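User: I would like to learn how to read a structural model step by step, beginning with the whole chain and then moving to single residues. Could you take me through this one?

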Amino acid sequence: MSEITTAEANARRNTATILDVREEAETAEGMIPGAVHIPLGQLASRLGELDAGRPVITVCASGNRSAHAAVDLLVAGFRADTMAGGMIAWETEGRPTHKP
């Protein structure tokens, strides 16, 4: 698992699955366009919703929960990285979001 920058995550959006592991109330404020939403507490039971052949970039509010999610994904056989700074950094840098 690597911690990647928001710029790297943005550049890889077409080749990786962006996985937002925040809670529903948090994602209601905005998500990265095209991201998949699975709250961290549901990840283990919903792994089948992810393409195991595609790299995953995990995202949360600041980077803490997404780091845990990336480790869980690695253990499950996925290629996974986490985005440093989370959605706080993404939005601070003016990157695009959408409301689900």
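Analyst: What follows goes from the overall fold to buried residues, salt bridges and the surface. Please keep in mind throughout that this is a predicted model.

User: Where should I begin, and how many helices and strands does the chain have?

Analyst: A useful start is to list the secondary structure elements and then to read their order. The chain has four helices and five strands, and from the N terminus on these elements run β-α-β-α-β-β-α-β-α.

User: How do I judge the overall dimensions, and what radius of gyration does the chain have?

Analyst: The general idea is to compare the radius of gyration with the value for a compact globule of the same number of residues. With 100 residues, such a globule would have a radius near 13 Å, and the chain has 12 Å, which agrees. Taken along the principal axes, the C-alpha atoms fill a box of roughly 35 × 25 × 20 Å.

User: What share of the residues is buried, and what share of the contacts links residues 24 or more positions apart?

Analyst: Buried residues make up 39% of the 100 residues in the chain. Counting contacts with a separation of 6 or more, 66% are between residues 24 or more positions apart. As for the outside, the chain exposes about 5,000 Å², and carbon and sulfur atoms supply 50% of that area.

User: Now a single residue, please: is Asp-20 buried or exposed, and what does its side chain meet?

Analyst: For a charged residue I would look at the element, then at the accessibility, and then at the partners. Asp-20 is found in strand S2, which covers residues 17-20. Its relative accessibility is 1%, and because buried means under 20%, Asp-20 counts as buried. Its side chain makes a polar contact with the side chain of Arg-22 at 2.8 Å. Once residues up to four places away in sequence are set aside, Asp-20 touches Thr-27, Met-31, Val-36, His-37, Ile-38, Pro-39 and Val-59.

User: How does the reading go for Asp-81, and in which strand does this residue lie?

Analyst: The order of steps can be kept. Asp-81 lies in strand S5, residues 80-83, and is buried, with a relative accessible area of 15%. Its side chain makes a polar contact with the side chain of Arg-12 at 3.0 Å. Leaving aside neighbours within four places in sequence, Asp-81 is in contact with eight named residues to look for in the model: Met-1, Ser-2, Ile-4, Arg-12, Val-56, Ile-57, Thr-58 and Ala-70.

User: How many salt bridges does a search of the whole structure find, and what do the side chains of Arg-65 and Glu-26 do?

Analyst: When reading a salt bridge, ask where each partner sits as well as what the distance is. The search finds five salt bridges. In one of them, the side chains of Arg-65 and Glu-26 meet at 2.8 Å, N to O. Arg-65 lies in helix H3 and Glu-26 in helix H2 (residues 24-27), so the pair ties together parts that are 39 residues apart in sequence. Arg-65 is partly exposed at 25% relative accessibility, and Glu-26 is partly exposed at 24%.

User: Which side chain does Glu-49 meet in a salt bridge, and which does Arg-95 meet?

Analyst: Glu-49 meets Arg-46 at 2.8 Å, N to O; Glu-49 is partly exposed at 48% relative accessibility, and Arg-46 is partly exposed at 22%. Arg-95 meets Glu-93 at 3.2 Å, N to O, with Arg-95 partly exposed at 23% and Glu-93 partly exposed at 45%.

User: Which residues form a nonpolar patch on the surface, and where is Gln-42 found?

Analyst: For a patch, read its members and their joint accessible area. Met-1, Val-71, Leu-74 and Val-75 form a nonpolar patch with about 370 Å² of accessible area together. Of these, Val-71 is found in helix H3, residues 64-75, and is partly exposed, with a relative accessible area of 40%. Met-1 also appears among the contacts of Asp-81. Gln-42, for its part, is found in the loop between strand S3 (36-37) and strand S4 (56-59), and counts as partly exposed at 36% relative accessibility. The C-alpha atoms of Gln-42 and Glu-23 are separated by 10.0 Å, although these residues are 19 residues apart along the chain.

Methods
Residues are numbered from 1 along each chain as its sequence is written. This is a predicted model: local features need pLDDT of at least 70, side-chain atom pairs count only at pLDDT 80 or more; totals for chains, interfaces and linings use all residues. Side-chain values use heavy atoms; hydrogens and water are left out. Helices (H or I, at least four residues) and strands (E, at least two) are DSSP runs, numbered from the N terminus. Buried means under 20% relative accessible area, exposed over 50%, partly exposed in between (1.4 Å probe, protein chains only). A polar contact is a pair of N or O atoms within 3.5 Å; within protein, one must be able to donate a hydrogen and the other to accept it, and residues adjacent in sequence count only if both atoms are side-chain atoms. Contact means heavy atoms within 4.5 Å. Patches are made of residues with over 30% relative accessible area and no salt bridge: like charges are joined within 9 Å, nonpolar side chains (Val, Leu, Ile, Met, Phe, Trp, Tyr) within 5 Å. Accessible areas come from the Shrake-Rupley method with a 1.4 Å probe; for residues, only the protein chains shown count as cover. A salt bridge is a side-chain nitrogen of Lys or Arg within 4 Å of a carboxyl oxygen of Asp or Glu. The radius of gyration is taken over C-alpha atoms; the globule rule is 2.2 Å times the number of residues to the power 0.38.
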